[in-house]
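Here's a quick walk through one protein model, meant for someone who'd rather be at the bench. Have a look at the sequence and the structure, then read on.

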Amino acid sequence: MAQTHPKHTYTILTLIIFSSLILQAQPHQFSRKLSTKSLNFKKQKLTHLHFYFHDIVAGNHPTAVRVAEATMTNTSRTGFGATVMIDDPLTVGPERSSKIVGRAQGIYASACLSDTRLLMALNYVFLEGKYNGSTLSILGTNSVFSPVREMPVVGGSGVFRFARGYALAKTHMFNINNGDAVVEYNVYVQHY
């Protein structure tokens, strides 16, 4: 009968212990399935929001400021490449003095060579009532001279966590002399 050398006994014992540790170790997980109950999901709600977006580019206190442009922006008939950062008030009515219910914060840019079309990347940050502190995120194209434009709601936070839906924009007023605009929004959102 063959005898095991003590040196090999320790090696074999070390391999057995190491192997059992590897088998018992939990791997790091990239993803896992969750139940809707664990996130406290309830029945989905459908909410309609109606407000006016004031894009103020002129005067002493603009809420929309051009932050970048391409070398061809000023010669392009669509302003292609112009990029604007905004913090526009959202109000109950179309008047600038109307009650503020939130802010549209984000960026829009002229993103089409042949048409006046903006790429909109915005958060509607709500400041009123049960929506105070909640946001909706819009990401889409806005063909500004179309009578009604539709943009997707791609998410939200707070009351609007896991939101999805769409926003309909309709120009209420556009001042051709200074570029100020008031846009009426109807937003339809599904959320929990």
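For sorting the residues around a pocket, Ala, Val, Leu, Ile, Met, Phe, Trp, Tyr, Cys and Pro count as nonpolar, Asp, Glu, Lys and Arg as charged, and the others, with Gly among them, as polar. Keep in mind that what you're looking at is a predicted model.

**The fold in brief**

Start with the overall layout. The protein has one helix and nine strands. Read from the N terminus, the order is α-β-β-β-β-β-β-β-β-β. Of the 192 residues in the protein, 34% are buried.

**The largest pocket**

How much space lies in the largest pocket? It comes to about 770 Å³. The lining is made up of 30 residues, and the closest to the pocket's centre are D55, Y108, L118, V144 and F174. Several strands give two or more residues each to that lining: β1 (45-55), β2 (64-68), β4 (100-110), β5 (117-126), β8 (164-174) and β9 (181-191). Sorted by class, the lining has 16 nonpolar, 10 polar and four charged residues.

**Two spots on the strands**

Strand β1 also holds Y52. Is Y52 buried or exposed? Its relative accessible area is 9%, so Y52 is buried, given that the cut-off is under 20%. Along the chain, Y52 and T91 are 39 residues apart, yet their C-alpha atoms are separated by just 5.1 Å.

Now over to strand β2, where you'll find V65. V65 joins V67 and M85 in a nonpolar patch on the surface, and together the three have about 250 Å² of accessible area. V65 itself has a relative accessible area of 41%, which makes it partly exposed.

**Salt bridges**

On to the charged side chains. Side chains of opposite charge can pair when their charged atoms come close. The count here comes to five salt bridges, and the table lists some of them.

| Acidic residue | Basic residue | Closest N to O distance |
|---|---|---|
| E69 | R66 | 2.7 Å |
| D115 | R117 | 3.1 Å |
| D180 | R96 | 3.4 Å |

Which parts of the chain does the D180 and R96 pair tie together? D180 sits in the loop between β8 and β9, while R96 sits in the loop between β3 (83-91) and β4, so this pair links parts that are 84 residues apart in sequence. The partners also differ in their surroundings: D180 is buried, at a relative accessible area of 8%, whereas R96 is exposed, at 54%. The reasoning is simple enough, because buried means under 20% and exposed means over 50%.

What about the other two pairs in the table? E69 is partly exposed at 44% relative accessibility, and its partner R66 is partly exposed too, with a relative accessible area of 44%. In the remaining pair, D115 has a relative accessible area of 26% and is partly exposed. Its partner R117 comes in at 32%, which also counts as partly exposed.

**Pulling it together**

If you're about to open the model in a viewer, D55, Y108, L118, V144 and F174 will take you to the residues closest to the centre of the largest pocket. For the surface, try the nonpolar patch of V65, V67 and M85. For a link between two loops, go to D180 and R96.

Technical notes: Residues are numbered from 1 along each chain as its sequence is written. This is a predicted model: local features need pLDDT of at least 70, side-chain atom pairs count only at pLDDT 80 or more; totals for chains, interfaces and linings use all residues. Side-chain values use heavy atoms; hydrogens and water are left out. On a 1 Å grid over the protein atoms alone, a cavity is a set of points where a 1.4 Å probe fits but cannot get out, and a pocket is an open set with protein on both sides within 12 Å along at least five of seven lines; lining residues have an atom within 4 Å of a point. Grid points are joined across faces, edges and corners, and a volume is the space filled by probe spheres set on the points. Helices (H or I, at least four residues) and strands (E, at least two) are DSSP runs, numbered from the N terminus. Patches are made of residues with over 30% relative accessible area and no salt bridge: like charges are joined within 9 Å, nonpolar side chains (Val, Leu, Ile, Met, Phe, Trp, Tyr) within 5 Å. Accessible areas come from the Shrake-Rupley method with a 1.4 Å probe; for residues, only the protein chains shown count as cover. A salt bridge is a side-chain nitrogen of Lys or Arg within 4 Å of a carboxyl oxygen of Asp or Glu. Buried means under 20% relative accessible area, exposed over 50%, partly exposed in between (1.4 Å probe, protein chains only).
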